[in-house]
Amino acid sequence: MSKPFYITTPIYYVNDKPHIGHAYTTILADVLARFHRNNGQETFFLTGLDEHGQKVQQAAEERGVEAQEHCDEMAPRFTELWEQLHISNDDFIRTTEERHKNVVRDILQQVMDKGDIYEAEYEGLYSVSEERFITEKEAESGDFRDIKKLKEKNYFFKMGKYQQKLIDHIDSNPKFIQPEHRKNEILGFLRKPLNDLCISRPKSRLNWGIELPFDSNYVTYVWFDALINYISSLGYGTDEASFKKWWPASYHLIGKDILTTHAVYWPTMLMSLGIELPQSIFAHGWWLMGESKMSKSLGNVINPMDLIDDYGVDPVRYYLMREMVLGQDSNFTMESFIQRYNSDLANDFGNLLSRVSTLMKKNYDGKIPEPGELTEAESTIKSHGESLGEIVNEKINAMRLNEAIEETMQYIRSVNKYMEDNAPWKLVKEDKVAAGRILYTAGEALRIGAVILSPVMPNRTEILLNALNAQGTGLTWGELTPGRELKDHEPLFPRKTQN
Ligand code: MSP
């Protein structure tokens, strides 16, 4: 039995309005989870919300509501979007839940008891907007706003103590930080001495957080709180069987901007606790609008809800997965979205189903014809179809999702070409058996293509499989059953023009 698959997304700031960047990571995790489930692997997929910190406290104050009430009102923005996008998460964690806060308190106490937390007076530059102490160099960079000089007593985690152990772990586990260039970035960062991490905030400045179990004048720093969600959700410390079953995570999926917290803070925290490290931290790139960063202030943020309303859920999932090379940045443009939609989905995929089903309805009483004796052309399509699942699996395991999708689309294209070359719409008048064989072959190839792409487009591929009255979701050739009646279906991907 293979080890269960456990995948996580970052937990999103509850204050944000979910945009295409958040939707991207969540869809990516969903697609990977569905691939693993389809392969019969036990799978646990976690996402959730990061609800503490100064920004949430401020936003609640501005609205004149309690912080918790504010979070409760914001949370559905995310849960509703995930429902719309057919996200199949197994759990949804919010850092304000008791089950999470208990684990954070327990961990703080454990790390304290181990002697890895100490109190010290610290004087330095503090960025209010980033909610952390910054270096002189960072302050000069101009990237930080609201900088003040602060002198205060705080609690520190002995992160530096684990520097060498972390370097050794990265060196001996080449997949721990992916892709390769991100691993090198972290190794570069670790060449300089690693400072200890300030993990407290005095309540005089911030009280929307989890109180330190050993000093009620402080709450814990949001990142020390947030990262723990990956194990609190599994029941760390309370449900040992569940924790043992799922941990270590197969993948923590993150954006490149939160690499250090995941690849340095989190592993050293786990080392202090004596917990195994996650198998892989995978940092993807950013979705850019044209060439520029997506940001509220530039007013160029894409709202996934609008796209779904205009084009449907599955095309949005398809575009995001097909277009981004994992690890690199990608440009989102409406032109490329519509181009992909029309060429891949309407012309290649949807068109093949409509051709096959129309001809079967017209000439074979709306039933799947007999496969008959295969000629060389059919044997090629059959053997390509039979090997496709394995090729796609390898690509998925190597996190080359765009290539996995492209392989499948090339297969669909080759079947369209086979239809053109053999023109069953003409042949049927002279040789109904031969035309039936061609339609069976094209239908079966389409079934296999749809089964393979079902993690990416769960909704449309289900319509396709229903239309072909296909019962099997296996990848062995021949599961399409001759004599079964086709079902009526709505057009899969009607062609679109840009609004
Ligand atoms: N709350 C923290 C994460 C804590 S995880 C223990 C956080 N939240 S966030 O809401 O700001 O960002 C969540 C994720 O969205 C990050 O991985 C970030 O990279 C991703 N994205 C935000 N904008 C993005 C794009 N434009 N494109 C792709 N992903 C981007 O950070």
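**Packing, ring pairs and backbone features of the predicted model**

Tyr 319 has a relative accessibility of 1% and counts as buried. This value, like all others below, was computed from a predicted model. Phe 332 is likewise buried, at 1% relative accessibility.

The largest nonpolar core comprises 104 residues. Leu 320, Met 321, Phe 332 and Phe 349 have the most contacts inside this core. Its top contributor is helix α18 (residues 432-453), which supplies twelve residues. A second core, of 59 residues, lies apart from the largest one. Among its members are Ile 177, Leu 197, Ile 228 and Leu 270. In soluble globular proteins, nonpolar side chains tend to be buried together.

The contacts of Phe 332 were then listed, leaving out residues up to four places away in sequence. Phe 332 touches Ile 20, Trp 287, Leu 288, Met 289 and Gly 290, among others. Ile 302, Leu 307, Tyr 319, Leu 320 and Phe 337 are also on its contact list.

Aromatic pairs were examined next. The structure contains 29 of them. One is formed by Phe 157 and Phe 224. Their ring centres are 6.2 Å apart and their planes meet at 70°, an edge-to-face arrangement. Phe 157 belongs to strand β6 (residues 147-157) and Phe 224 to helix α8 (residues 222-226), so this pair ties together parts that are 67 residues apart in sequence. Both partners are shielded: Phe 157 is buried at 0% relative accessibility, and Phe 224 is buried at 1%. Tyr 319 and Phe 332 form another edge-to-face pair, with 5.3 Å between centres and 75° between planes. This pair links helix α13 (residues 313-323), which holds Tyr 319, to strand β16 (residues 330-332), which holds Phe 332. The two residues are 13 apart in sequence. Tyr 319 and Phe 332 also belong to a cluster linked by ring pairs. Its other members are Tyr 24, Trp 287, Tyr 311, Phe 337, Tyr 341, Phe 349 and Phe 493.

Rings also meet charged side chains. Lys 55 lies over the face of Tyr 13, 5.9 Å from the ring centre. The charged end of Lys 432 sits over the ring of Tyr 364, at 5.1 Å from its centre.

Helix α6 (residues 163-172) has four buried residues: Gln 163, Leu 166, Ile 167 and Ile 170. They span an arc of only 100° around the axis, so they fall on the same side of α6. These buried residues pack against β7 (177-178), α7 (180-189) and α11 (259-273).

Ser 272 is part of helix α11. With a relative accessibility of 5%, Ser 272 is buried. Its side chain makes a polar contact of 2.7 Å with the side chain of Asp 116. Beyond four places in sequence, Ser 272 touches Asp 116, Val 111, Lys 114, Phe 157 and Tyr 162. Phe 157 is thus a contact of Ser 272 as well as the ring partner of Phe 224.

Tyr 418 lies in helix α16 (residues 401-422). Tyr 418 is buried, with a relative accessible area of 5%. Apart from neighbours within four places in sequence, Tyr 418 contacts Ala 377, Glu 378, Ile 381, Arg 437, Ile 438, Thr 441 and Ala 442. Tyr 418 and Ala 283 are separated by 135 residues in sequence and by 40 Å in space, C-alpha to C-alpha.

Several backbone features fall in loops. The peptide bond from Gln 178 to Pro 179 is cis, with omega near -10°. Pro 179 sits in the loop between β7 and α7. A cis bond also joins Trp 247 to Pro 248, with omega near 0°. Pro 248 is placed in the loop between α10 (240-246) and β12 (251-255).

Positive phi values occur at two non-glycine positions described here. Phi of His 86 is near 55°. His 86 lies in the loop between α3 (67-84) and β3 (91-94), and is partly exposed at 31% relative accessible area. Phi of Ala 423 is near 35°. Ala 423 occupies the loop between α16 and α17 (424-427). Unlike the partly exposed His 86, Ala 423 is buried, with a relative accessible area of 11%.

Technical notes:
Residues are numbered from 1 along each chain as its sequence is written. This is a predicted model: local features need pLDDT of at least 70, side-chain atom pairs count only at pLDDT 80 or more; totals for chains, interfaces and linings use all residues. Side-chain values use heavy atoms; hydrogens and water are left out. Buried means under 20% relative accessible area, exposed over 50%, partly exposed in between (1.4 Å probe, protein chains only). The arc is that of the directions from the helix axis to the C-beta atoms. Contact means heavy atoms within 4.5 Å. Rings of Phe, Tyr and Trp (its six-membered ring) pair if their centres lie within 6.5 Å; planes under 30 degrees apart count as stacked, over 60 as edge-to-face and the rest as tilted. A charge sits over a ring if NZ of Lys or CZ of Arg is within 6 Å of the ring centre and within 35 degrees of the ring normal. A nonpolar core is a set of buried Ala, Val, Leu, Ile, Met, Phe, Trp, Tyr and Cys residues joined through side-chain atoms within 4.5 Å. A polar contact is a pair of N or O atoms within 3.5 Å; within protein, one must be able to donate a hydrogen and the other to accept it, and residues adjacent in sequence count only if both atoms are side-chain atoms.
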